[in-house]
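Let's take a friendly walk through a protein fold, from its overall layout down to a few single residues. Keep the picture in view as you read.

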Amino acid sequence: MINIMLCCASGMSTSLLVEKMKKAAAEEGVEVNIWAVGANEVKANATKADIILLGPQVRYAQKKIESEAPGVPVGNIGMREYGMMNGKAVLAQAIELCKK
């Protein structure tokens with residue numbers, strides 16, 4: 001089971017991406033727990049996450065988020081993948097980052 005936390009400005013814009021990632025995971029037979037939070041909720045949720053992916057609108061806060069979630073890998077969702085809500089590609093990115 002991989003616990004993936006997506007982070008955006010308020011947690012709302014990533015909700016659709018969460019659903020698309022869950023669908024992609026089901027199709028690929030990957031067990032995941034995926035949820036979205038706003039940037040101000042990272043610290044409260046960091047201990048539950050194996051990986052944190054940042055939406056383009058909060059990319060600027062990566063250093064702060066890394067300090068609030070020590071030991072948890074933090075990555076940035078690509079603008080193209082985010083804009084197209086490409087759940088399969090973002091899921092693949094999360095899985096790859098977990099392997100590192």
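## The overall layout

This protein has five helices and four strands. Starting at the N terminus, the elements follow the order β-α-β-α-β-α-β-α-α. Keep in mind that you are looking at a predicted model.

How does the radius of gyration compare with that of a compact globule? With 100 residues, a compact globule would come out near 13 Å, and the protein has 12 Å, which agrees. The C-alpha trace spans about 35 × 25 × 20 Å along its principal axes. Of the 100 residues, 47% are buried.

The chain also brings distant parts of its sequence together. Among contacts with a separation of 6 or more, 64% are between residues 24 or more positions apart. On the outside, the accessible surface is about 5400 Å², and carbon and sulfur atoms account for 54% of that surface.

## Helix H1 and its two faces

H1 is built from 14 residues and reaches 20 Å from its first C-alpha to its last, close to the 20 Å expected at 1.5 Å a residue. Its buried residues are Leu17, Val18, Met21, Ala24 and Ala25. Why can we say that they line one face of the helix? Look down the axis of H1: the buried residues fall within an arc of 125°, so they line one face. A general rule helps here: an α-helix has 3.6 residues a turn, so residues three or four places apart point the same way.

The face of H1 turned away from the buried side carries the exposed residues Lys23, Ala26 and Glu27. Over on the buried side, the cover includes E1, E2, H4 and H5. Just after H1 comes Gly29, with a positive phi of about 70°.

## Helix H5 and its neighbours

Now try the same approach on H5, which covers residues 87–99. Its 13 residues should span 18 Å at 1.5 Å a residue, and its end C-alpha atoms are 19 Å apart, which agrees. Gly87, Val90, Leu91, Ala94, Ile95 and Leu97 are the buried residues of H5. Seen down the axis, they fall within an arc of 160°, so these residues also line one face of their helix.

Lys88 and Lys99 are exposed residues on the face of H5 turned away from its buried side. What do the buried residues of H5 pack against? Their partners are the strands E1 (2–8), E2 (32–38), E3 (51–54) and E4 (74–76), together with the helices H1 (15–28) and H4 (79–83).

## Two nonpolar cores

In soluble globular proteins, nonpolar side chains tend to be buried together. Here, the largest nonpolar core has 21 residues, and those with the most contacts inside it are Ile4, Leu6, Leu17, Met21, Leu53 and Leu91. E1, H1, E2, E3 and H5 each supply at least two residues of this core. A second, separate core has 16 residues, including Met5, Cys7, Ala61 and Ala69.

Met21 is a good residue to zoom in on. Leaving aside neighbours within four places in sequence, Met21 is in contact with Ile4, Leu6, Ile34, Gly87, Val90 and Leu91.

## Three residues to find

Is Lys43 buried or exposed? Its relative accessibility is 62%, so Lys43 counts as exposed. You will find Lys43 in helix H2, residues 42–45. Its C-alpha atom is separated by 7.7 Å from that of Ile65, although the two are 22 residues apart along the chain.

Met79 sits in helix H4. With 58% relative accessibility, Met79 counts as exposed. Even so, Met79 touches Pro56 and Arg59, not counting residues up to four places away in sequence. Met79 and Gly55 are 24 residues apart in sequence, and their C-alpha atoms are 8.1 Å apart in space.

Last comes Met85, in the loop between H4 and H5. The cut-off for buried is under 20% relative accessible area, and Met85 counts as buried because its relative accessibility is 15%. Its phi is near 50°, a positive value in a residue other than glycine. For context, most residues other than glycine have a negative phi.

Definitions and conventions. Residues are numbered from 1 along each chain as its sequence is written. This is a predicted model: local features need pLDDT of at least 70, side-chain atom pairs count only at pLDDT 80 or more; totals for chains, interfaces and linings use all residues. Side-chain values use heavy atoms; hydrogens and water are left out. The expected span of a helix is 1.5 Å times one less than its number of residues. Buried means under 20% relative accessible area, exposed over 50%, partly exposed in between (1.4 Å probe, protein chains only). The arc is that of the directions from the helix axis to the C-beta atoms. Contact means heavy atoms within 4.5 Å. A nonpolar core is a set of buried Ala, Val, Leu, Ile, Met, Phe, Trp, Tyr and Cys residues joined through side-chain atoms within 4.5 Å. The radius of gyration is taken over C-alpha atoms; the globule rule is 2.2 Å times the number of residues to the power 0.38. Accessible areas come from the Shrake-Rupley method with a 1.4 Å probe; for residues, only the protein chains shown count as cover.
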